[in-house]
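User: I am new to this structure and would welcome a close look at a single part of the chain. Please begin with one contact between side chains and then follow the neighbouring elements outward.

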Amino acid sequence: MIGLVDQEPKLWDNTLRYNILYGLNGKGNDVTQKELEDLAAMARIDEFYSRLQPLGFDTLIGENGLQLSGGQRQRVAIARALIKKPDLLILDEATNALDPRNEKLVHQALRSALRDRTGIIIAHRLSTVRNADKIVVFGKGHIIGSGTHSELMNSCAPYIELVTHELEGLR
């Protein structure tokens, strides 16, 4: 019922297929090639999949996904979480260590992944949470603000400070 995408996904020295199906706890034999391809499209694995030919999903990706970039490893982790068809998807700093291009691709995958399910996104980056239905701001272990980005920009000084600080860092 729960899928988790961690900031540092654990990948095994095995095939791309194995690393995705691992989320099914040994029940991956029932997954068809078409289902795997559809999942790859949703998680944006299809963006780099063509480079894995001729073996495709049976390509060895190396220990901890050594053959993949950080963004590609995150997308494999998204696919692993999604293959379970979870009702709740928890994203813990899922884009924290990515360059802007890969972050954009992972965000596209996450928007698709969160369609028709509940998501909890733990993040420090504005770009990760800006379009959330509801943002909860914590400070010193307590909720200090809650609402949409626009609502928080009008009512939550610590949130405004975080946004201002991040935007200044982009200049």
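Analyst:
**From a salt bridge to the helices and the pocket**

R17 and D58 form a salt bridge in which the closest N and O atoms are 2.9 Å apart. The pair links distant parts of the chain, for R17 belongs to helix α1 (residues 16-21), while D58 sits in the loop between α3 (46-49) and α4, and 41 residues separate them. The model is a predicted one, and a search of the whole structure finds 4 salt bridges.

The loop between α3 and α4 also contains P54. Q53 and P54 are joined by a cis peptide bond, with omega at about 15°.

Next comes helix α4, which covers residues 70-82. Its axis and that of α5 come within 9 Å and cross at roughly 10°. An angle under 35 degrees counts as roughly parallel, and α4 and α5 are therefore roughly parallel to each other. On the α4 side, the residues in contact are G71, Q74, R75, I78 and L82; on the α5 side, they are N102, L105, V106, A109, L110 and A113. By class, this contact of α4 with α5 has 7 nonpolar, 3 polar and 1 charged residues.

Between α4 and β2 (88-92) runs a loop that holds K85. The phi angle of K85 is near 55°, a positive value in a residue other than glycine.

Helix α5 (100-114) leads on to the largest pocket, since it supplies at least two residues of the lining. The same holds for each of β3 (118-122), α6 (126-129), β4 (135-139) and α8 (157-170). About 1,000 Å³ of space lies in this pocket. Its lining consists of 31 residues, and those nearest the centre are I121, T128, V129, A132 and I135. Sorted by class, the lining has 16 nonpolar, 8 polar and 7 charged residues.

Definitions and conventions. Residues numbered from 1 in each chain as written. Predicted model: local features only at pLDDT ≥ 70, side-chain atom pairs only at ≥ 80, totals over all residues. Heavy atoms only, no water. 1 Å grid on protein atoms, 1.4 Å probe; cavity = no way out; pocket = protein on both sides within 12 Å on 5 of 7 lines; lining within 4 Å. Points joined across faces, edges and corners; volume = space filled by probe spheres on them. Helix = DSSP H or I, 4+ residues; strand = E, 2+ residues; numbered from the N terminus. Nonpolar A, V, L, I, M, F, W, Y, C, P; charged D, E, K, R; others polar. Axes fitted to C-alpha atoms, helices over the stretch in contact; angles between N-to-C directions. Parallel < 35°, antiparallel > 145°, perpendicular 65-115°, else oblique. Contact = heavy atoms within 4.5 Å. Salt bridge = Lys/Arg side-chain N within 4 Å of Asp/Glu carboxyl O.
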